[in-house]
There are 2 protein chains.
Amino acid sequence: MKTLGRHFVADLHGCTANLNDPVFLMTALERACEVSGATIVDRSGHHFSPYGVTAVVIIAESHLAAHTWPEFRFVALDVFTCGTTVDPRAAFDLLRNELGASRIEVREFVRGILPDD
Amino acid sequence: MKTLGRHFVADLHGCTANLNDPVFLMTALERACEVSGATIVDRSGHHFSPYGVTAVVIIAESHLAAHTWPEFRFVALDVFTCGTTVDPRAAFDLLRNELGASRIEVREFVRGILPDD
């Protein structure tokens, strides 16, 4: 059986970081790419009025995405990586620490389970 | 109980569409945004050599992302929308049809379940 990737879908509650700061959020995603060994190919950051930031980093191995709700101290975080050279858990662990989450609901999936043939 | 969003995490196998065509893939995501009522704020598309396309559309209500493996006729699709005005199922249904998937593993999540207070 061949598998293509791993995906962490995480809801982070009670975050102590400044969730309304797009530079902080993008920098955190970039650091997460670095520690996990991912190769960045594009970035997209958006600051919504008055509250909320979206930061997405496209990597050669899929993507990282974070959407924040500062008014609820909440972040919806996705770390999806493919291949065997990138460690998505390293990225996830860095981000949960950077965001200062006090409660986390995380689901980890294998993506792309291919049949043998 | 308040919830913030809905997320379809879908693995699409046996796709008959041309998965190595970045224009097709981005156009499909844009159409999915249209039918679901989402507002596009940015796009990022990448064509990897020799095979594979990534298309991500950032919407005001979160994001849509598709990563393709043409050599396996496989697409990893995410449709994540927030708020009550966007219907992620409409986007997902359009994309599964456009991609011509013959087998789908889909998980649907509620994101951002906030405690009452």
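Here is a short chat about the fold of chain A and its pairing with chain B in this predicted model.

Me: What makes up chain A in terms of helices and strands?
Reply: Chain A has two helices and six strands. Going along the sequence, they come in the pattern β-α-β-β-β-β-α-β.

Me: Why is the size of chain A said to agree with a compact globule?
Reply: The rule is 2.2 Å times the number of residues to the power 0.38. For 117 residues that gives a radius of gyration near 13 Å, and chain A has 14 Å, so the two agree. If you like to picture a box, the C-alpha atoms fill roughly 50 × 30 × 20 Å along the principal axes.

Me: What makes a residue count as buried, and what percentage of chain A is buried?
Reply: A residue is buried when its relative accessible area is under 20%. In chain A, 53% of the 117 residues are buried.

Me: How do you know which share of the contacts joins residues at least 24 apart?
Reply: A contact needs heavy atoms within 4.5 Å. Counting those in chain A between residues at least 6 apart in sequence, 64% join residues at least 24 apart.

Me: Why is the relation between chain A and chain B that of a two-fold axis?
Reply: Chain B is superposed on chain A by a rotation of 180 degrees, with 0.0 Å of shift along the axis and an RMSD of 0.0 Å. That is therefore the relation of a two-fold axis. The same surface serves both copies, as 100% of the contact residues of chain B recur in chain A.

Me: Which residue of chain B comes closest to the rotation axis?
Reply: That is Ser44(B), with its C-alpha at 4.0 Å.

Conventions:
Residues numbered from 1 in each chain as written. Chains lettered and ligands numbered in written order. Predicted model: local features only at pLDDT ≥ 70, side-chain atom pairs only at ≥ 80, totals over all residues. Heavy atoms only, no water. Helix = DSSP H or I, 4+ residues; strand = E, 2+ residues; numbered from the N terminus. Buried < 20%, exposed > 50% of the residue type's maximum accessible area, 1.4 Å probe, protein only. Least-squares fit on C-alpha atoms with pLDDT ≥ 70 in both.
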